[in-house]
Amino acid sequence: MAVHPGSTALISTERPLLSPTDPAPARNPIPEVDFGLDDFDADEEVCHDFYRQVSVTQDMLMPLAEHHTADGVHSHYVLFDGSATWGIPGTPQLMAVHLQRDREKRTFTFERVRLPLPAMAQSWLIHRGCPPEAIGLNPELGPPAADETTRALERRLAGDGDHYAMGYSYTRDDPDDMVTVVALRALDGRAPSPFRVLVEEVDTDAWTHTLREGGFDTKAEALHWCYSRLDGEAALLPPVRPAAAATRRAGLPKAPAAHPPGRSR
């Protein structure tokens, strides 16, 4: 059962079996999501959309993080959708949901989006009113960050994720190569390296994950790197170009980006 985008809980074949006299190890129950809508209603279209987009797979949704305002009006969720692994290959396995309740009318509305990385889901919720410190991930439900570089990049993405538009993502939950690649475009055309690639890799032996970022001048270059990584042939990610370098080159004309070739599975 996967518990993190691009990661799957593994059954070990190296651990010796317990003898009949050994006590069974304590196991924490897998948390279930509760949307708190038992006494709420909405118009028919909203109810239909919420069922179709969110609750149809509720038994496969695991809350990695959630926050509820004290007045019960707003709820924010970062959810892992276990059903995604059986769907279209590469589909993002995370869902961010913002519920808003009218407690007097007993009605609700919602927003929901699929995203490939936890920090992106956190950013989406933060920019819909969720306090940043209130939407931290449950540390028991996924491989932790392997280093400070990963932690720092995740914090930055959670804070300024609205500065970028996602153009492409692919999540692979193969135990031999757990990886998620994401191509982003900066909304500010003056940003250094206007196209970014994020790559999250899970070390299944150490059960940790790393996140790295690279900078590209064109969409075609960013997508080509993503496709190459998925094919196991990618070079090292190029660094993000410093802002000063971007300013010096701002006046130089650019050739139009070539349309990237399609990638067959």
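**Loops, cores and a pocket in a predicted model**

Arg106 lies in the loop between E3 and strand E4 (107–115). The model is predicted. Arg106 is not a glycine, yet its phi is positive, at about 60 degrees. The residue is partly exposed, with a relative accessible area of 30%. Trp207 also has a positive phi, near 50 degrees, and is likewise a residue other than glycine. Trp207 sits in the loop between strand E7 (195–203) and E8. Its relative accessibility is 26%, so it counts as partly exposed.

The chain contains five helices and eight strands. Along the sequence, these follow the pattern α-β-β-β-β-α-α-β-β-β-β-α-α. Of the 265 residues in the chain, 45% are buried. Among contacts in the chain with a separation of 6 or more, 59% join residues 24 or more positions apart.

Helix H2 is largely enclosed by the rest of the structure, because nine of its nine residues are buried. These residues are Pro118, Ala119, Met120, Ala121, Gln122, Ser123, Trp124, Leu125 and Ile126. In soluble globular proteins, nonpolar side chains tend to be buried together. The largest nonpolar core in this model has 28 residues. Within this core, Leu64, Val78, Leu125, Ile135 and Leu198 touch the most other members. At least two core residues come from each of strand E1 (61–68), strand E2 (74–81), strand E3 (94–102), H2, H3 and strand E6 (177–186). H2 gives the most, with six residues. A second, separate core holds 16 residues, including Val33, Phe40, Val97 and Leu99.

Ile135 of the largest core has an extended list of partners. Beyond its neighbours within four places in sequence, Ile135 is in contact with Ala65, Glu66, His67, His76, Val78, Gln122, Leu125, Ile126 and Cys130. Two of these partners, Val78 and Leu125, are themselves among the core residues that touch the most other members.

The second largest pocket has a volume of about 380 Å³. Its lining comprises 18 residues, and those closest to its centre are Gln122, Leu137, Ala145, Glu154 and His209. Helix H2 (118–126) and helix H3 (148–160) are the elements that give two or more residues to this lining. H3 gives the most, with four residues. By class, the lining divides into ten nonpolar, five polar and three charged residues. Gln122 is thus named in three settings: it is a buried residue of H2, a contact of Ile135 and one of the residues closest to the pocket centre.

Thr208 belongs to strand E8 (residues 208–216). Its relative accessible area is 19%, and the cut-off for buried is under 20%. Thr208 is therefore classed as buried. Not counting residues up to four places away in sequence, Thr208 touches Pro143, Pro144, Ala146, Glu201, Val202 and Asp203.

Ala222 is placed in helix H4 (residues 219–230). At 2% relative accessibility, this residue counts as buried. With residues up to four places away in sequence set aside, Ala222 touches Phe195, Val197 and Phe216. The C-alpha atoms of Ala222 and Val197 are separated by 6.2 Å, and the two residues are 25 residues apart along the chain.

Val240 is found in the loop between H4 and helix H5 (243–249). Val240 is partly exposed, with a relative accessible area of 28%. Val197 serves as a reference point here as well: 43 residues separate it from Val240 along the chain, and the C-alpha atoms are separated by 9.6 Å. Not counting residues up to four places away in sequence, Val240 touches Pro192, Ser193, Arg196, Glu213, Gly214 and Gly215.

A search of the whole structure finds zero disulfides. Two cysteines illustrate contrasting settings. Cys47 is partly exposed, with a relative accessible area of 29%. Cys226 is buried, with a relative accessible area of 0%.

Terms used: Residues are numbered from 1 along each chain as its sequence is written. This is a predicted model: local features need pLDDT of at least 70, side-chain atom pairs count only at pLDDT 80 or more; totals for chains, interfaces and linings use all residues. Side-chain values use heavy atoms; hydrogens and water are left out. On a 1 Å grid over the protein atoms alone, a cavity is a set of points where a 1.4 Å probe fits but cannot get out, and a pocket is an open set with protein on both sides within 12 Å along at least five of seven lines; lining residues have an atom within 4 Å of a point. Grid points are joined across faces, edges and corners, and a volume is the space filled by probe spheres set on the points. Ala, Val, Leu, Ile, Met, Phe, Trp, Tyr, Cys and Pro count as nonpolar, Asp, Glu, Lys and Arg as charged, and the others, Gly among them, as polar. A disulfide is a pair of cysteine sulfur atoms within 2.5 Å. Buried means under 20% relative accessible area, exposed over 50%, partly exposed in between (1.4 Å probe, protein chains only). A nonpolar core is a set of buried Ala, Val, Leu, Ile, Met, Phe, Trp, Tyr and Cys residues joined through side-chain atoms within 4.5 Å. Contact means heavy atoms within 4.5 Å.
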